[in-house]
Amino acid sequence: MDQTKPMLVFQTDFTYKEGAVCAMYGVVKSVDRSLEIIDGTHELPQYDTWSASYRLYQSMKFWPKGTIFVSVVDPGVGTARRACVAKTTDGYYIVTPDNGALTHVKTFVGIEEVREIDETVNRLRGKGTEGVSIFHGRDLFGYCAARLASGIIDFEGVGPTYPVDEIVCHELLQPTAHDGVVEGIFEINDPNFGNLWTNIPLQMFLDQGFAYGDHLHVVIRHQGEVRYEDTVLFHHSFGMANKGDVMIYNNELMKVAMAVTMGNLCKTHNLDFGPDWTVTFSK
Amino acid sequence: MDQTKPMLVFQTDFTYKEGAVCAMYGVVKSVDRSLEIIDGTHELPQYDTWSASYRLYQSMKFWPKGTIFVSVVDPGVGTARRACVAKTTDGYYIVTPDNGALTHVKTFVGIEEVREIDETVNRLRGKGTEGVSIFHGRDLFGYCAARLASGIIDFEGVGPTYPVDEIVCHELLQPTAHDGVVEGIFEINDPNFGNLWTNIPLQMFLDQGFAYGDHLHVVIRHQGEVRYEDTVLFHHSFGMANKGDVMIYNNELMKVAMAVTMGNLCKTHNLDFGPDWTVTFSK
Amino acid sequence: MDQTKPMLVFQTDFTYKEGAVCAMYGVVKSVDRSLEIIDGTHELPQYDTWSASYRLYQSMKFWPKGTIFVSVVDPGVGTARRACVAKTTDGYYIVTPDNGALTHVKTFVGIEEVREIDETVNRLRGKGTEGVSIFHGRDLFGYCAARLASGIIDFEGVGPTYPVDEIVCHELLQPTAHDGVVEGIFEINDPNFGNLWTNIPLQMFLDQGFAYGDHLHVVIRHQGEVRYEDTVLFHHSFGMANKGDVMIYNNELMKVAMAVTMGNLCKTHNLDFGPDWTVTFSK
């Protein structure tokens, strides 16, 4: 690998069940054999641009500056949605359809500049795929990202800039805290362990006088209807509660989260995430 | 990585659920630390040499010439089936059991020469696995491929050549087109998104006067019995149909395919692929 | 990659469904871009330190000496369980919570020295995760392993040594053989193909006069109750039995195992592994 060139970190909803990832990586390596490819994940929920946005935000800052992220969750492939490369204010690049996948990074990190990929320059040619409209991961995003990482093009070479304000974003809800009551939403889950992560920063808990070891009153509502209500331990890790108990903790991004110790909160209590799922904490 | 040596792209049905892939890659890295290993996929359907064949064909041409593919879907491991390395007419190598996995590449690309792996030379020794008959991915295919990539052996060093005509192939059915009727089979699916891919080249559609934007009459039969019949939009990408609608498009290999926009055709309509699944298109 | 530095082979129960692996690898690459990361597996059964132990044992010896394994199955994260780095007698390093994951390697290979990770030195700083207690894969194990691989610290730099005898181990049951009867347990499965692997070395079979081609009487008991009883072919590979038949073979580690040819033994006969599952073989 040529370590003077940025790494390419991929995240998609393709899975590894067929040959799509393999073909996409082949294109990258055919542009420049010396590029280093990293699997971010290929198991994002299908068509879920919200998860794409959250996962970028969750992992990006742990990578070396300059790293190029390629995110392909693309339900609108082949339609008028823009294909873009965004440069973040902290020095990363994100190659993605402009369909909401930049929501969290734009809001919580910042985007310095965004450019629409010029397909007349930065689309794969010569492999018989000129007439293909449904695999931009291979033909456009992967190919363009490889050219950028390789130095064949610079950021300007991606294509024309457009206003950062035009970037398509999902709505982000804000948590509230007053008089010992903190309210937010479950904004994402951990689909493996079944934990639920709120949009509430830990600091908001501390500011309301909640401390590790407290038992908090929790009410979870779906579209206003109570789906779970109990008094639950708030502590710093799962092992502070008994196996099978619900507990509150702060997650890897310093936001408030809930879990079942060595269990699965989502499945056990039939809970999910999204703007319809609100959660209220009080002493 | 030593970029003067070809990459090794692996595809198997092992999954990552246990230690098999890890052991296999360890053998490769013990032969030559400088070799570059790529995950093609380890989630091929179990024992499915047809899918192995299709996935090689789907992705191979996007890789740099000289790349070595290692394909291990091997229901006959330890029996008399040949273990081989094939050299394609366009300059790739495929290390695989000779059990049908070369069908598509042999037919649509061409195989220049094939050699049976000489186990007396190209099988792992010294790790206590001499008496193991069930893991040729680790002990034979991975090991031999690493030696070939490393330059320890050249292609002749794999073992004796045998006639290309003796390569084991599955039967390939040909689509037909006349008088505005195009008929083929669903020859594979996209197991992630639930799309079905026919064996009909897009050109055959165009030659019958079908054009993007047309609504075509589709009949899908399983063993002759009608399982789906409707008039369906033919267009260049999913987003041209409404969410939940069935549509016809040309896939990433320029063959005709069917999907449900942001849905799953196989599950929604209980359809599958194989020689028993025929599909007929007309205006 | 810098090939003078050891590779890092990761195994976890995180899956690739969200951003955890990506964040963890980002930390490694931020410590030292030139390190080579290998996916051992991220699909270990959740919280299953026994499987973590077995998979290390299964694959470790096939890697070049000096390779560093990072194993993170960590139900006790954030509690008093030790975080450690073990040096094996055959020259590998294992970075892991000391929670049973070293059982097989300690017993069958040997551990020369073990050190507790000093969190005051070898924990990630400066990324806002100082208050996070639930992701040691990223903040402690991955970070410490990267420092060790990079040469920033040597083995002594991990932290203070502690007695090898204090390493937490699961109980290992021993198989028995006398008068033509061999008895053991199913100690693990192949969760992909549904095979069951016993703790009985092949040599124990041979010593009792069992030979490939024999039909053996098999009794499988769960907590003493017979769950399967039949006469079954013992041979060297699956293809020696008919499709769908149960058969006995020696697995990739030269231990006795059982399978259904091109089928799934666990599912078909509702069998599982663990100390409660005993199996007896006789002629």
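Contact here means heavy atoms within 4.5 Å. With that in hand, let us walk through this predicted model, in which local features need pLDDT of at least 70, side-chain atom pairs count only at pLDDT 80 or more, and totals for chains, interfaces and linings use all residues. Residues are numbered from 1 along each chain as its sequence is written, chains are lettered from A in the order in which they are written, and side-chain values use heavy atoms, with hydrogens and water left out.

**Two interfaces with chain A**

Chain A is in contact with chain C through 38 residues of chain A and 36 residues of chain C. Chain A also meets chain B, where 36 residues of chain A and 38 residues of chain B take part. In the table, buried area is the accessible area (1.4 Å probe) that two parts lose on being put together, summed over both. A salt bridge is a side-chain nitrogen of Lys or Arg within 4 Å of a carboxyl oxygen of Asp or Glu.

| Interface | Buried area | Salt bridges |
|---|---|---|
| chain C and chain A | about 3400 Å² | three salt bridges |
| chain B and chain A | about 3400 Å² | three salt bridges |

Between chains C and A, the side chains of A:Glu36 and C:Arg33 form a salt bridge at 3.2 Å, N to O. Helix H1 (residues 20-31) of chain C supplies the largest share of the side of chain C that touches chain A, eight residues; helices (H or I, at least four residues) and strands (E, at least two) are DSSP runs, numbered from the N terminus.

Between chains B and A, B:Arg55 and A:Glu18 join their side chains in a salt bridge at 3.9 Å, N to O. On the chain B side, strand E2 gives the most to the surface touching chain A, with four residues.

**A buried asparagine**

A:Asn251 sits in the loop between strands E13 (246-250) and E14 (255-260) of chain A. A:Asn251 counts as buried because its relative accessibility is 0%, the cut-off being under 20% (exposed is over 50%, partly exposed in between; 1.4 Å probe, protein chains only). Leaving out residues up to four places away in sequence, A:Asn251 touches A:Trp197 and A:Ala257 as well as C:Val132 and C:Ile134.

**A sheet in chain B**

Seven strands of chain B make an open, mixed sheet in the order E2-E1-E3-E5-E4-E6-E7; two strands pair if DSSP finds at least two bridges between them. Its edge strands are E2 (37-41) and E7 (161-162), each pairing on one side only. Strands E4 (residues 83-88) and E5 (residues 93-97) of chain B pair in the antiparallel sense over five bridges, and B:Ala83 stands opposite B:Pro97.
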